[in-house]
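I opened a fresh notebook page for this one. My plan is to go through the contacts between the chains, then the symmetry, then the domains.

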2 protein chains.
Amino acid sequence: MARVYNFSAGPAVLPEEVLKEAADEMLDYRGCGMSVMEMSHRSQMFADIIETAEADLRELMNIPDNYKVLFLQGGASQQFSAIPMNLMKNKVADYIITGQWAKKACQEAQRYGKVNIIASSEDKTYTYIPDCSDLPISEDADYVYVCWNNTIYGTKYNKVPNTKGKILVADMSSSILSEPVNVEDFGVIYFGVQKNVGPAGVVICIIREDLITDDVLPGTPTMLKWKTQADANSLYNTPPCYGIYICGKVFQWLKKQGGLEAMKQRNEEKAKLLYDFLDQSELFKGTVEKKDRSLMNVPFVTGDKDLDAKFVAEAKAEGLENLKGHRTVGGMRASIYNAMPKAGVEKLVAFMKKFEEENK
Amino acid sequence: MARVYNFSAGPAVLPEEVLKEAADEMLDYRGCGMSVMEMSHRSQMFADIIETAEADLRELMNIPDNYKVLFLQGGASQQFSAIPMNLMKNKVADYIITGQWAKKACQEAQRYGKVNIIASSEDKTYTYIPDCSDLPISEDADYVYVCWNNTIYGTKYNKVPNTKGKILVADMSSSILSEPVNVEDFGVIYFGVQKNVGPAGVVICIIREDLITDDVLPGTPTMLKWKTQADANSLYNTPPCYGIYICGKVFQWLKKQGGLEAMKQRNEEKAKLLYDFLDQSELFKGTVEKKDRSLMNVPFVTGDKDLDAKFVAEAKAEGLENLKGHRTVGGMRASIYNAMPKAGVEKLVAFMKKFEEENK
């Protein structure tokens, strides 16, 4: 078996160690005689799995006791509706638009109330993060919404926006657990797990307790009301048990790696290898402002579509997979999540050097 | 490794062959160098997986071309909202209440329109299926709703209700693929996969095309609108890829077993072993009317709570797991889904005989 280096933006690479454990336990989880897929979600065995996963996530992120952790379904896209449905008391919200996912979230919220776009980087194809030090926050805003790391465009907030006291809601799908964040700066942090944590089909919401109430918009489906799942410890109905089990293994793996400070250091090293090369290359160039660069998603272009396509094809032949950029940016994108080893980035940079030699 | 016989009502036993294949392919799916968990949902490899799964399900169930097959998230509980949101044009629906899940679906629908309970077996703790040959169908009903097999109570419809021309919607979570059904009798068939098909976190909806429209209730979340997912072939956002992959393997396994006619025969044989024993036993008795017995879920009691508990504990020690009944019925319940081998039912019946000898 030859594993490739998989630079997919998501679903994405998982730690090999986690996959090996999952394979070993597939027919018999720790001597219980069945797979985790076959276990009742009401069993003690599964209770241990989900409770350990939550405890490990709390430890990794240093989540305060007055925040709930919910394991849900439907992806971030479903939270695009759940967020206004649960939070819009005044039916007003402020959105900062830094890419396609923030825009989609905003469009969905517009169906439920008045939405103000208080900052945007759409003018320059989302190649930067707007200055958020003095935003025109709406007086009656129920919350301010951001997408923390922009998977498609390769930008990331490096400073918490000044919301002037309003609740901050952040989609952290593509940067979660890549470095520490101060949970208390946020009312809601949520993320689809399929980029940096586990298999698609689980979305985790970290929500300050006072924001979880029965006072939701009329017509909110019971399953989209956060309180439904908070009151039932994410077991209102059958949760995506196997996905939660894999997430739990990734949390354990992260603890073994040294936690989020260690991951941040490792991710900065990996990203630096690639950005340093891009900054001196005559063939390739990064597409976003240096100050706003993502540690996870690195888009780059040659400026020549045919050459971009040649690069992607030749890289694939070398076992460097899924380097094609998103259609709205073009060129290439290397997603270098937690589970991408440094050796993968080194191999990519070496290949880029060779390609540049051959094609300049 | 010793696999147990797992009589869990769901999540439930899966075919050992499927689990073995999944374990073998965990780190490297068919030479592509990555796990199915790590694959982009936009990749050709995943397209092949989901398209093959759909084609196999269509073949197994003989699904007509004018029905869409959607792979969704959120479980049946989320469809409890999606169904009225997508179908209530007149804001009227008729529900038949044959157990807790039909009741929950009904309660959720009541939040969106006028709901008439046109038949119920609540008077006798859901131990039978009401006569549905001449129901008081509402003239302006948008649909008639049934739960086809009642997991908790162990009953099953053996005849399609006469809806007098109205659309029939059926939750088939706990009987799907256990025997043939005539899809054309239904407007919507849907099922959470975690009982008879795959790991929790996937719900499959089979919907007649003319019922998939933009004309949904105001405020319907984009993700709950069937048309969103129908237009995107279930790839509007990242689907629960790994769960779909396992479902696909189970569909292949069912085809190898000879399809649904063969499964029906096998399931009838398995159920007969258990029901025949119950019918002559002096200690154990089945809890539902014979004519309405489920092939999948078999509740039974001794009439003595302490003896029931002793039975469950001693059965567990023999590798017969998860036989405790639902709290609302008490006693025991053996769920004998497709993947439960006949040998498992034989071992259970042998153990029941022995237990009866020792405790009568």
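**Entry 1: ground rules.** I count two residues as in contact when heavy atoms lie within 4.5 Å. By that rule, the contact between the chains takes 59 residues from chain B and 59 residues from chain A. I note that this is a predicted model, where local features need pLDDT of at least 70, side-chain atom pairs count only at pLDDT 80 or more, and totals for chains, interfaces and linings use all residues. Residues are numbered from 1 along each chain as its sequence is written, chains are lettered from A and ligands numbered from 1 in the order in which they are written, and side-chain values use heavy atoms, with hydrogens and water left out.

**Entry 2: the chain interface.** Next I looked up the buried area, meaning the accessible area (1.4 Å probe) that two parts lose on being put together, summed over both. Between chain B and chain A it comes to about 4,500 Å², with carbon and sulfur atoms giving 58%. On the chain B side, B:Leu27, B:Met37 and B:Glu38 lose the most area to chain A, together 16% of what that side buries.

B:Glu38 turned up again in my salt-bridge search (a side-chain nitrogen of Lys or Arg within 4 Å of a carboxyl oxygen of Asp or Glu). Its partner is A:Arg3, and their closest N and O atoms are 2.7 Å apart. The count between the two chains is 2 salt bridges.

I then ran polar contacts: pairs of N or O atoms within 3.5 Å, where within protein one must be able to donate a hydrogen and the other to accept it, and residues adjacent in sequence count only if both atoms are side-chain atoms. I found 24 such residue pairs across the interface of chain B and chain A, both residues at pLDDT 80 or more. For secondary structure I used DSSP runs numbered from the N terminus: helices (H or I, at least four residues) and strands (E, at least two). On the side of chain B that touches chain A, α1 (16–24), α3 (75–87), α4 (100–109) and α6 (241–256) of chain B each supply at least two residues.

**Entry 3: symmetry.** How is chain B superposed on chain A? I fitted by least squares on the C-alpha atoms of residues with pLDDT of at least 70 in both copies. The answer is a rotation of 180° with 0.0 Å of shift along its axis, at RMSD 0.0 Å. The two copies are thus related as by a two-fold rotation axis. In chain B, the C-alpha nearest that axis belongs to B:Ala23, 2.2 Å away. I also see that 100% of the interface residues of chain B are interface residues in chain A too, so the copies meet through the same surface.

**Entry 4: inside chain A.** The domain assignment (bounds from an automatic or database source) gives domain 1 (16–256) and domain 2 (258–358) of chain A. Their C-alpha centres lie 27 Å apart. Here 29 residues of domain 1 are in contact with 26 residues of domain 2, burying about 2,200 Å², of which carbon and sulfur atoms give 53%.

I count 1 salt bridge between these domains. A:Lys264 pairs with A:Glu179, closest N and O atoms 3.3 Å apart. For polar contacts, I get 18 residue pairs across this interface, both residues at pLDDT 80 or more. The domain 1 side has α6(A) as its largest contributor, with 4 residues.

**Entry 5: one long-range pair.** Over all chains I have 58 salt bridges. One of them joins A:Lys249 to A:Glu25 at 2.9 Å between closest N and O atoms. A:Lys249 sits in helix α6 of chain A and A:Glu25 in the loop between α1 (16–24) and α2, 224 residues apart.
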